[in-house]
Amino acid sequence: KAVTPISPANRTLLDEAIWMLPTMPWKPTNQCIGGDAYRCLSGFAIQGKVNKAKRNYTRAFVALQIIAKGCLNPEPGKELANNCKVLLKRCQLHVVGASWSALDVPSAVAELVKRTKNLNFQQFYDVIHHTLTLIPTLAADAFFDRKFS
């Protein structure tokens, strides 16, 4: 039998495969545990090469608009409320990948989207570790049974 580093979903495409997840030791710069977690973690992450055929960025952008409604683009002359300042910091979307020319960020949420690319191993996982969650944002059903690894 062959040992392959792919997901069980992809296993159906190969005969007699054994599933194995390759791992590498990694330690975050800040563990984000206990009382420190609230200050340490913020925002969400989408990782991987920017590709609209693979990931549905539009849904993430619409969700950001809904969450931050009323906090983005405040009325002229009005100061942003403290709860909005906290909300906007906590709701940033970190897009960690490459091919930025393929990503069209709506101007309404542009200030909430942080683009990060060309990171080394430690930096890449550090960005993801310090977010509240990693969002898969799969664009097509085929990724659930054929391509999601």
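Helices here are DSSP runs of H or I with at least four residues, strands are DSSP runs of E with at least two, and the numbering starts from the N terminus. With that in hand, welcome to a short tour in close-up views; please keep in mind that this is a predicted model.

**View 1. The whole chain is built from six helices and six strands.**
Reading from the N terminus, the elements follow the order β-α-β-α-β-α-α-β-β-α-β-α. The chain has 149 residues, and 32% of them count as buried. Many contacts bring together parts of the chain that lie well apart in sequence: among contacts between residues at least 6 apart, 64% join residues at least 24 apart.

**View 2. Four strands come together in an open sheet.**
In general, strands of a sheet pair through backbone hydrogen bonds, in a parallel or an antiparallel way. Here the order is β5-β4-β3-β6, and the pairing is parallel. At the edges of this sheet are β5 (113–116) and β6, each of which pairs on one side only. Strand β3, residues 44–47, is joined to β6 by two bridges, and four bridges link β3 to β4. Which residues does A45 have as bridge partners in β4 and in β6? In β4 the partner is H94, while in β6 the partner is L134. F44 also faces β6, standing opposite T133.

**View 3. V96 is a buried residue of strand β4.**
V96 has a relative accessible area of 2%, under the 20% cut-off, and therefore counts as buried. Along the sequence V96 and Q47 are 49 residues apart, yet their C-alpha atoms are 4.6 Å apart in space. Leaving out residues up to four places away in sequence, V96 touches I46, Q47, G48, T116, L119, F124 and V127.

**View 4. T116 sits in strand β5.**
Is T116 buried or exposed? T116 is buried, because its relative accessible area of 17% falls under 20%. Beyond the neighbours within four places in sequence, T116 is in contact with V95, V96, G97 and W100. V96, the residue of the previous view, has T116 among its own contacts as well.

**View 5. The largest nonpolar core gathers 20 residues.**
In soluble globular proteins, nonpolar side chains tend to be buried together. In this core, F61, V95 and L103 are the residues with the most contacts inside it. Which elements give two or more residues to the core? They are α3 (57–67), α4 (82–90) and β4 (93–96). The biggest contribution comes from α3, with four residues. To follow one member outward, look at L103: neighbours within four places aside, L103 is in contact with V50, Y57, F61, V95 and R115. Those partners include F61 and V95, which are named with L103 for having the most contacts in the core.

**View 6. The second largest pocket holds about 160 Å³ of space.**
Rolling a probe the size of a water molecule over the atoms shows where empty space is left. The residues that line this pocket are F44, N56, R59, A60, A63, L64, I67, L93, I135, T137 and L138. What is the make-up of this lining by class? Eight of the residues are nonpolar, two are polar and one is charged. Helix α3 gives the largest share of the lining, five residues. F44, one of the lining residues, is the residue seen opposite T133 in View 2.

**View 7. A139 lies in the loop between β6 (133–134) and α6 (142–147).**
A139 has 38% relative accessibility, which lies between 20% and 50%, so A139 counts as partly exposed. A139 and Y57 are 82 residues apart along the chain, and 8.4 Å separates their C-alpha atoms. Apart from neighbours within four places in sequence, A139 is in contact with K52, A53, K54, R55 and N56. N56 also belongs to the lining of the second largest pocket.

**View 8. N118 has a positive phi value.**
Phi of N118 is near 55°, in a residue other than glycine. Where is N118 placed? N118 is in the loop between β5 and α5 (121–129). With a relative accessible area of 70%, over the 50% cut-off, N118 is therefore exposed.

Definitions and conventions
Residues numbered from 1 in each chain as written. Predicted model: local features only at pLDDT ≥ 70, side-chain atom pairs only at ≥ 80, totals over all residues. Heavy atoms only, no water. Core = buried A, V, L, I, M, F, W, Y, C linked by side-chain atoms within 4.5 Å. Buried < 20%, exposed > 50% of the residue type's maximum accessible area, 1.4 Å probe, protein only. Contact = heavy atoms within 4.5 Å. 1 Å grid on protein atoms, 1.4 Å probe; cavity = no way out; pocket = protein on both sides within 12 Å on 5 of 7 lines; lining within 4 Å. Points joined across faces, edges and corners; volume = space filled by probe spheres on them. Nonpolar A, V, L, I, M, F, W, Y, C, P; charged D, E, K, R; others polar. Pairing = 2+ DSSP bridges.
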